Amino acid sequence: EFYNNRISQNFDYPHTWKISRRIENIINDFKDIEPGTRLKDCKESLIGRIVLKRNSGKKLIFYTIIVENNEFQVMSDLKSFCSEEKFSLVHSKTCRGDIIGVSGYIGKTKKGELSLIPEDMEILSPCL
C-alpha cells in the first residue's frame, strides 16, 4: 500500500540530470563563506542518495545526501523553490535511500553547514 501511494502512475522519473561539477570542487570553493550567507549567483547541480531527511516545519526541509562518497546538506525552503505545488509534491514523495537530482544555489546555514538551496529537485530513482 505504501509503495503504491508513493510511486504513482503520474510521477515520471527523468532519464538524466546534469551536474555542474565535482562535489570536492564545490566544497573547496565555498568552505570559507560566512555562516548565514546565500550566494544566489553561484548555481550548482548535484546528484546524490538521501541518507537523512529532517522536516523543520512545512516550509523547510533538510536532507543529508551522499555525493561521490561525501556527505552534503540540502536545505530546501519554499521561498527558494520554483513553485509551491512542486515543492509539496517532491518533498511528500522523497524517502531515505532515494537518488535525487538537485539544482540551486550555494549557502551556509547560521550554524555553519555548507548547503545547496534547491530551486528544483527531482527523484531520479526511488528506493523501494
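**Exercise 1. The faces of helix H3**

Task: In this predicted model, work out which residues of H3 are buried and how they are arranged around the helix axis.

Solution.
- Start with the cut-off: a residue is buried when its relative accessible area is under 20%.
- By that rule, Phe87, Val90, His91 and Lys93 are the buried residues to mark in H3.
- Now look down the axis of H3. The buried residues fall within an arc of 160 degrees, so they line one face of the helix.
- Turn to the other side of H3. There, Glu84, Glu85 and Ser92 are exposed.
- A general rule helps here: an α-helix has 3.6 residues a turn, so residues three or four places apart point the same way.

**Exercise 2. The partners of strand E1**

Task: Find which strands pair with E1, and in which sense, parallel or antiparallel.

Solution.
- Take E4 to begin with. E1 covers residues 38–55 and E4 covers residues 99–108. The two strands run antiparallel and are joined by 9 bridges.
- Pick out one pair: Glu44 stands opposite Gly104 in E4.
- Next comes E2, residues 60–67. E2 pairs with E1 over 6 bridges, again in the antiparallel sense.
- One of the pairs is Lys53 with Tyr63, the latter in E2.
- Finish at the turn. E1 and E2 make a hairpin, with 4 residues between them. Gly57 sits in that turn and has a positive phi of about 95 degrees.

**Exercise 3. The largest nonpolar core**

Task: Identify which members of the largest nonpolar core touch the most other members, and which elements supply the core.

Solution.
- The core has 25 residues. Phe30, Ile65, Phe72 and Ile106 touch the most other members.
- Then list the suppliers. Helices H2 (23–30) and H3 (84–93) each give at least two residues. So does each of the strands E1, E2, E3 (70–77), E4 and E5 (114–125).
- Zoom in on Ile106. Set aside its neighbours within four places in sequence. Its contacts then include Ile26, Phe30, Ile33, Leu39, Phe72, Leu114 and Leu116. Arg38, Glu44 and Ser115 are also among them.
- As a general tendency, nonpolar side chains in soluble globular proteins are buried together.

**Exercise 4. Salt bridges across the chain**

Task: The whole structure holds 8 salt bridges. For three of them, locate the partners and decide whether those partners are buried, partly exposed or exposed.

Solution.
- Begin with Glu68 and Arg22, whose closest N and O atoms are 3.4 Å apart. Glu68 is in the loop between E2 and E3, and Arg22 is in the loop between H1 (2–6) and H2, so the pair ties together parts 46 residues apart in sequence.
- Check the accessibility. Glu68 has 32% and counts as partly exposed. Arg22, at 47%, is partly exposed too.
- Move on to Glu119 and Lys43, which meet at 2.7 Å, N to O. Glu119 belongs to E5 and Lys43 to E1, 76 residues apart. Glu119 is partly exposed at 26%, and Lys43 is partly exposed at 45%.
- Last, take Asp120 and Lys86, at 2.5 Å, N to O. Asp120 lies in E5 and Lys86 in H3, so this pair ties together parts 34 residues apart in sequence. Asp120 is partly exposed at 22%, as is Lys86 at 23%.
- Add one network: salt bridges that share partners join Arg21, Asp29 and Glu44.

Key: Residues numbered from 1 in each chain as written. Predicted model: local features only at pLDDT ≥ 70, side-chain atom pairs only at ≥ 80, totals over all residues. Heavy atoms only, no water. Pairing = 2+ DSSP bridges. Core = buried A, V, L, I, M, F, W, Y, C linked by side-chain atoms within 4.5 Å. Buried < 20%, exposed > 50% of the residue type's maximum accessible area, 1.4 Å probe, protein only. Contact = heavy atoms within 4.5 Å. Salt bridge = Lys/Arg side-chain N within 4 Å of Asp/Glu carboxyl O. Arc of directions from axis to C-beta.
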